Amino acid sequence: MISDLKGLHEKIYETVKQIPFGKVASYGQIANIVGCTPRMVGFALASLKNNKVPWHRVINSKGTISLKEFEAMETQRLFLEREGVEFNKNGKVDFKKFGWNGDS
DNA sequence: CGGTTGACGTGGA
DNA sequence: GTCCACGCCAACC
């Protein structure tokens, strides 16, 4: 359960913050939890400027990183690998093993 | 107040 | 399996 909605962004932030260490969630998953469209999830994280939110644990449904800047995607991948998340040769994450069930 | 934007998702080819 | 087009809806200008 999340605090009262002050803004969709904050709600999304709270949800992302609940993602446990070594787990990853898709934008659609977050969108489903907060009850908004996946677009907003990405938009919210894009606006993210504070490092309190583990945005690196959020990826698209394909299990890949969709960041525009190559730098950013590299950073995210390194962060996930550091947390124990394995990347395939295609650069995809196995949701079967690292997918967040929504249970913190 | 209106148009544009955007870290996506899904369906179809 | 991959790639392309359309749709979603709040935030931003």
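Contact here means heavy atoms within 4.5 Å. By that rule, K11, I12, T15 and V16 in α1 meet I30, I33 and V34 in α2. This is a predicted model: local features need pLDDT of at least 70, side-chain atom pairs count only at pLDDT 80 or more, and totals for chains, interfaces and linings use all residues. Residues are numbered from 1 along each chain as its sequence is written, chains are lettered from A and ligands numbered from 1 in the order in which they are written, and side-chain values use heavy atoms, with hydrogens and water left out.

**Helix packing**

- Helices are DSSP runs of H or I with at least four residues, strands are runs of E with at least two, and both are numbered from the N terminus.
- The axes of α1 and α2 (residues 27-34) lie 10 Å apart, at an angle of about 120°.
- That angle makes α1 oblique to α2. Angles under 35 degrees count as roughly parallel, over 145 as roughly antiparallel, 65 to 115 as roughly perpendicular and the rest as oblique.
- Axes are lines fitted to C-alpha atoms, for helices over the stretch in contact, and angles run from 0 to 180 degrees between N-to-C directions.
- Five nonpolar residues, one polar and one charged make up the contact of α1 with α2. Ala, Val, Leu, Ile, Met, Phe, Trp, Tyr, Cys and Pro count as nonpolar, Asp, Glu, Lys and Arg as charged, and the others, Gly among them, as polar.

**DNA strand C**

- L8, H9, T37, R39, M40, F43 and K92 surround DNA strand C. A residue is near a strand if one of its heavy atoms lies within 4 Å of it.
- Of the strand C atoms that come within 4 Å of the protein, 69% belong to sugar and phosphate.
- Two elements, α1 (8-17) and α3 (38-47), each give two or more residues to this surface.
- α3 gives the most, with three residues.
- By class, the surface near strand C has three nonpolar, two polar and two charged residues.

**DNA strand B**

- Strand B has 14 residues around it, and R39, L45, S66, L67 and K68 come nearest.
- Sugar and phosphate supply 61% of the strand B atoms that come within 4 Å of the protein.
- The side chain of S66 places an N or O atom 2.7 Å from a phosphate oxygen of strand B.
- Polar backbone atoms also approach phosphate oxygens of strand B: one of S61 at 2.9 Å and one of G28 at 3.4 Å.
- α3 supplies the largest share of the surface near strand B, six residues.
- That surface divides into seven nonpolar, five polar and two charged residues.

Notes. A polar contact is a pair of N or O atoms within 3.5 Å; within protein, one must be able to donate a hydrogen and the other to accept it, and residues adjacent in sequence count only if both atoms are side-chain atoms.
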